[in-house]
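Trainee: Please take a close look at the side-chain pairing in this model, and go through it with me piece by piece. I would like to see where each partner sits before we move on to the next.

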Amino acid sequence: MGKKLFMAQKRGETRAVCLGIGMIICSVMIFFLLGVTVLPKYLKSVWTEKSKCTLVQATFKEKASCTHSINTKNEVILKYPCLEVLVNLNYSEDIFMLYHTEESLEWNYKCSYIPECKENYTEVALHVQEVQGKFNQSSSFTCYFDPKGRQKSIILIRKFGPQKMILCFFWPTSMFTVGLCVVIIVKISQYFAMISVQNNKANT
């Protein structure tokens with residue numbers, strides 16, 4: 001009976017160690033993926049200073065192109081209305097181009113807001129008109145700018161800010177910590193079990 005309990009305990013410890021090591025490996029892989037995809041965008045985001053922007057105008061410039069994938073083989077070039085939003089920073093006289101996020105500038109520097117690429121142009125146009133109406137309703141709003149002046153443009157939402165990084169790295173960090181704790185606890189339990197066995201042998 002004692003031998004069976006001992007073997008069951010050993011199997012449980014082995015599984016626990018494997019679980020802990022698996023959690024550590026998974027968390028390291030997630031860290032690597034985040035380091036390749038999200039972290040570079042965070043480091044490139046220079047819009048770190050929060051300020052007040054005053055709307056100058058929000059108008060449609062022209063139709064911009066987007067690629068809509070029907071399936072893996074066919075792609076269709078569609079159009080969407082290009083919304084241009086110009087703002088003043090801190091009630092100054094200088095006029096700046098406002099972009100929705102950091103990615104908007106990379107996707108199309110001519111458009112402040114880039115909608116989802118859809119086949120129905122009327123639906124997309126109505127959505128962009130709603131966005132334009134929201135800008136026209138609020139004369140001033142919070143925005144972000146580059147305090148060092150490397151980027152002359154302004155963004156409305158910081159997609160790759162510190163809070164985003166905290167949320168992205170929270171779960172892999174938690175997984176790594178739990179996995180490491182599981183391995184350490186099992187190893188400590190095995191260490192004390194070995195000492196107990198040695199003491200029993202010495203006493204007998």
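Mentor: Lys61 has a relative accessible area of 40%, so it counts as partly exposed; the range for that class runs from 20% to 50%. Note that the model is predicted. The partner of Lys61 in a salt bridge is Glu84, and the closest N and O atoms of the two are 3.8 Å apart. This pair links distant parts of the chain, since Lys61 belongs to strand E1 (residues 49–69) and Glu84 to strand E2 (residues 75–89), 23 residues apart. Glu84 is the buried end, because its relative accessibility is 15%, which is under the 20% limit.

The structure holds 5 salt bridges in total. Another one joins Lys41 to Glu103, with 3.1 Å between the closest N and O atoms. Lys41 is part of helix H1 (residues 2–44) and Glu103 of helix H2, so this bridge ties together parts that lie 62 residues apart in sequence. Lys41 is partly exposed because its relative accessibility is 35%. Glu103 is buried, at 8% relative accessibility.

A further salt bridge connects Asp146 and Arg150, whose closest N and O atoms are 3.5 Å apart. Asp146 has 4% relative accessibility and is therefore buried, whereas Arg150 is exposed, with a relative accessible area of 53%. As for shared partners, salt bridges join Lys41, Glu103 and Lys159 into one network.

Helix H2 deserves a second look. It spans residues 102–107 and includes Ser104. Ser104 is buried, because its relative accessibility is 2%. Setting aside neighbours within four places in sequence, Ser104 is in contact with Tyr99, Tyr109, Cys111, Ser112 and Ile114.

Tyr99, one of those contacts of Ser104, leads to the strands. Tyr99 stands opposite Ile155 in E5. Strand E3 and strand E5 (residues 154–155) are joined by 2 bridges and run parallel. E3 covers residues 95–99, and 4 of its 5 residues are buried, so the strand is largely enclosed by the rest of the structure.

Next come the aromatic rings. By the pairing rule there are 3 aromatic pairs. In one of them, the rings of Phe31 and Phe169 have centres 5.9 Å apart and planes at 20 degrees, so that pair is stacked; the angle falls under the 30 degree limit for stacking. Phe31 lies in helix H1 and Phe169 in helix H4, so the stacked pair ties together parts that are 138 residues apart in sequence. Phe31 is partly exposed, with a relative accessible area of 27%, and Phe169 is also in that class, at 22% relative accessibility. Another aromatic pair consists of Phe135 and Phe141, whose ring centres are 5.7 Å apart and whose planes meet at 65 degrees, so the pair is edge-to-face. Here the angle is over 60 degrees, the limit for that label. Phe135 is buried, with a relative accessible area of 10%, and Phe141 is buried at 9% relative accessibility.

Phe169 has already brought in helix H4, which covers residues 162–203 and also holds Cys181. Cys181 is partly exposed because its relative accessible area is 37%. The C-alpha atoms of Cys181 and Val17 are separated by 10.0 Å, although the two residues are 164 residues apart along the chain.

H4 also matters for the surface picture, as it supplies 7 residues, the largest share of a nonpolar patch. The patch is formed by Val28, Phe176, Leu180, Ile184, Ile188, Tyr191, Phe192 and Met194, with about 730 Å² of accessible area together. Phe192 is one of the members found in helix H4. At 53% relative accessibility, Phe192 counts as exposed, because the threshold for that class is over 50%.

Definitions and conventions
Residues are numbered from 1 along each chain as its sequence is written. This is a predicted model: local features need pLDDT of at least 70, side-chain atom pairs count only at pLDDT 80 or more; totals for chains, interfaces and linings use all residues. Side-chain values use heavy atoms; hydrogens and water are left out. Helices (H or I, at least four residues) and strands (E, at least two) are DSSP runs, numbered from the N terminus. Buried means under 20% relative accessible area, exposed over 50%, partly exposed in between (1.4 Å probe, protein chains only). Contact means heavy atoms within 4.5 Å. A salt bridge is a side-chain nitrogen of Lys or Arg within 4 Å of a carboxyl oxygen of Asp or Glu. Rings of Phe, Tyr and Trp (its six-membered ring) pair if their centres lie within 6.5 Å; planes under 30 degrees apart count as stacked, over 60 as edge-to-face and the rest as tilted. Two strands pair if DSSP finds at least two bridges between them. Patches are made of residues with over 30% relative accessible area and no salt bridge: like charges are joined within 9 Å, nonpolar side chains (Val, Leu, Ile, Met, Phe, Trp, Tyr) within 5 Å. Accessible areas come from the Shrake-Rupley method with a 1.4 Å probe; for residues, only the protein chains shown count as cover.
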